[in-house]
Amino acid sequence: MTNNIVSGMALEFDSGIPIYKQVFNQLVAIIANGVLNEGDKLPSIRELSSALEVNPNTVARSFLELEMQGYIKSQRGNGTFVSARQNIAELSEAEKADCLDKLFNKFMGEANCLGISRGEVFKYIESKYRLKENS
């Protein structure tokens, strides 16, 4: 199982994106693409960190973020499993606003780390909306 997951992961140590974030993003993609499904067991933190050749604390941080966002669920003594994702239609307006707020804060944080100004971000978003409306 570890080999199936790791074979689909490629970490870029010089990208400027923290390794824990890369692990998080790639595990989200693996779950979203159906490589791992609800109830599937993930490799242990130690197994995955060894396979990826990163510090176990890095993988632990990724797992914590995945669990906080509802992608995985840890069961003490049994391991970590892919969670059932809640359907967006079932979320209340407050939950949707909270999700959007988290996405916005992450987006702006990443943009800030890349040295992208607020004005550049707004121009980018506006251009994307225009493209979407015209397609």
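**Exercise 1. Packing of H2 against H4**

Task: Work out the handedness with which H2 passes H4 in this predicted model, and then describe the geometry and the residues of the contact.

Solution. Step one is the handedness: where H2 runs past H4, the crossing is right-handed. Step two is the geometry, since two packed helices are described by the angle between their axes and the distance between the axes. For helix H2 (residues 19–32) and helix H4 (residues 56–68), the axes approach within 8 Å and cross at roughly 50°. Step three is the classification: an angle that is not under 35 degrees, not over 145 and not from 65 to 115 counts as oblique, and H2 and H4 are therefore oblique to each other. Step four is the list of partners, in which H2 contributes Ile-19, Tyr-20, Val-23, Phe-24, Leu-27 and Val-28, while H4 contributes Thr-58, Arg-61, Ser-62, Phe-63, Glu-65 and Leu-66. Sorted by class, this contact of H2 with H4 comprises eight nonpolar, two polar and two charged residues.

**Exercise 2. Packing of H3 against H4**

Task: At what angle do the axes of H3 and H4 cross, and which residues meet there?

Solution. Begin again with the axes: those of helix H3 (residues 45–52) and H4 come within 8 Å, and their crossing angle is roughly 120°. Because that angle falls outside the range of 65 to 115 that counts as roughly perpendicular and is not over 145, H3 is oblique to H4. The handedness of the crossing of H3 and H4 is right-handed. On the H3 side the contact is made by Ile-45, Leu-48 and Ser-49, and on the H4 side by Pro-56, Val-59, Ala-60 and Phe-63. The classes in the contact of H3 with H4 are six nonpolar, one polar and no charged residues.

**Exercise 3. Two residues in the loop between H3 and H4**

Task: Decide whether Glu-53 and Val-54 are buried or exposed, and state which residues Val-54 touches beyond its sequence neighbours.

Solution. Take Glu-53, which lies in the loop between H3 and H4. Its relative accessibility is 71%, so Glu-53 counts as exposed. The backbone of Glu-53 has a phi near 60°, a positive value in a residue other than glycine. Now take Val-54, which is also placed in the loop between H3 and H4. With 13% relative accessibility, which is under the 20% limit, Val-54 counts as buried. Once neighbours within four places in sequence are set aside, Val-54 is in contact with Leu-11, Phe-13, Ile-19, Ser-49 and Val-59. As a distance check, the C-alpha atoms of Val-54 and Pro-18 are 12 Å apart, although 36 residues separate them along the chain.

**Exercise 4. The setting of Tyr-20**

Task: Where is Tyr-20 placed, and which residues does Tyr-20 contact outside its sequence neighbourhood?

Solution. The element comes before the surroundings: Tyr-20 is placed in helix H2. Its relative accessible area of 15% makes Tyr-20 buried. Apart from neighbours within four places in sequence, Tyr-20 is in contact with Thr-58, Arg-61 and Ser-62, and these three are among the H4 residues that meet H2. Between Tyr-20 and Val-54 the C-alpha to C-alpha distance is 9.3 Å, with their positions 34 residues apart in sequence.

**Exercise 5. The salt bridge**

Task: How many salt bridges does the structure hold, and which side chains take part?

Solution. The principle is that side chains of opposite charge can pair when their charged atoms come close. The structure holds one salt bridge, and the side chains of Glu-126 and Arg-130 form this pair with an N to O distance of 3.4 Å. Both residues belong to helix H6 (residues 118–134), and because they are four residues apart there, about one helical turn separates them. As for accessibility, Glu-126 is partly exposed, its relative accessible area being 40%.

**Exercise 6. The overall picture**

Task: Which order do the elements follow from the N terminus on, and what fraction of the residues is buried?

Solution. The protein has six helices and two strands, arranged from the N terminus as α-α-α-α-β-β-α-α. Its C-alpha trace spans about 45 × 40 × 25 Å along the principal axes. Of the 135 residues, 29% are buried. Among contacts with a separation of 6 or more, 49% are between residues 24 or more positions apart.

Note on methods. Residues numbered from 1 in each chain as written. Predicted model: local features only at pLDDT ≥ 70, side-chain atom pairs only at ≥ 80, totals over all residues. Heavy atoms only, no water. Axes fitted to C-alpha atoms, helices over the stretch in contact; angles between N-to-C directions. Left-handed = near helix turned anticlockwise from the far one by under 90°. Contact = heavy atoms within 4.5 Å. Nonpolar A, V, L, I, M, F, W, Y, C, P; charged D, E, K, R; others polar. Salt bridge = Lys/Arg side-chain N within 4 Å of Asp/Glu carboxyl O. Buried < 20%, exposed > 50% of the residue type's maximum accessible area, 1.4 Å probe, protein only.
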